Amino acid sequence: MSKTERKAAEDMTEAMEATMQRLQQRFQSISEQLESKHILFFQPCFLPFQARFIHAMGTRINDLERNVTELMTQAGMEAQASSK
């Protein structure tokens, strides 16, 4: 891998890590807002919606992680990432 390619892969990794961090912060913020409004845990009528929402967010996060892993593999960064 050339120096330019390595730098591009490192930049992509940093960008994806920042994106994952923002996603985690956003998910946490939404959860806290729902909890503060007593929606998340105290309204039985919302439980099916909450379960679908949490499942959907988990699925999206898993898909994003899988895509990041695939991109890192394509960029030859898999070995570097596992050594962190």
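Let us start at one residue: Asn67 is part of helix α2. Keep in mind as you look around that the model is predicted. Is Asn67 buried, partly exposed or exposed? With a relative accessibility of 39%, Asn67 counts as partly exposed, because that class covers values between 20% and 50%. Asn67 also gives us a first link across the chain. Its partner here is Met16, which lies 51 residues away in sequence, while the two C-alpha atoms are 10.0 Å apart in space.

A second pair can be read in the same manner. Met12 sits in helix α1, and its relative accessibility of 34% makes it partly exposed. How far from Leu71 is Met12, in sequence and in space? The answer is 59 residues along the sequence and 8.8 Å from C-alpha to C-alpha.

Now step back to the whole chain. What does the protein chain contain in the way of helices and strands? There are three helices and zero strands, so reading from the N terminus you meet the elements in the order α-α-α. Helix α1 covers residues 3-36, helix α2 covers residues 47-74, and helix α3 covers residues 78-82.

The two pairs we began with can be set beside a figure for the chain as a whole. Take the contacts in the protein chain with a separation of 6 or more: 64% of them are made by residues 24 or more positions apart.

How much of the chain is buried? The protein chain has 84 residues, and 15% of them count as buried. Its accessible surface comes to about 6500 Å², and carbon and sulfur atoms account for 58% of that area.

Let us turn to charged side chains. Side chains of opposite charge can pair when their charged atoms come close. How many salt bridges does the structure hold? It holds two.

One of these salt bridges joins the side chains of Asp11 and Lys7, with 3.0 Å from N to O. Where do these residues stand relative to each other? Both belong to helix α1, and because they are four residues apart, about one helical turn separates them. Asp11 is partly exposed, at a relative accessible area of 34%, and Lys7 is partly exposed too, at 46%.

For the other salt bridge, look at helix α2, where the side chains of Asp63 and Arg66 meet. Here the N to O distance is 2.2 Å. Asp63 and Arg66 are three residues apart, which is about one turn of the helix. Asp63 has a relative accessibility of 31% and counts as partly exposed; Arg66, at 45%, is also partly exposed.

Finally, how confident is the predictor? Across the protein chain the mean pLDDT is 76, and 73% of the residues reach 70 or more. Which element has the highest mean pLDDT, and which the lowest? Helix α1 has the highest, at 83, and helix α3 has the lowest, at 52. As you go back to the picture, you can trace helix α1 from Lys7 and Asp11 with their salt bridge to Met12, and then find Asn67 once more in helix α2.

Note on methods
Residues numbered from 1 in each chain as written. Predicted model: local features only at pLDDT ≥ 70, side-chain atom pairs only at ≥ 80, totals over all residues. Heavy atoms only, no water. Helix = DSSP H or I, 4+ residues; strand = E, 2+ residues; numbered from the N terminus. Buried < 20%, exposed > 50% of the residue type's maximum accessible area, 1.4 Å probe, protein only. Contact = heavy atoms within 4.5 Å. Areas by Shrake-Rupley, 256 points an atom, 1.4 Å probe, with all protein chains shown as cover. pLDDT = per-residue confidence, 0-100. Salt bridge = Lys/Arg side-chain N within 4 Å of Asp/Glu carboxyl O.
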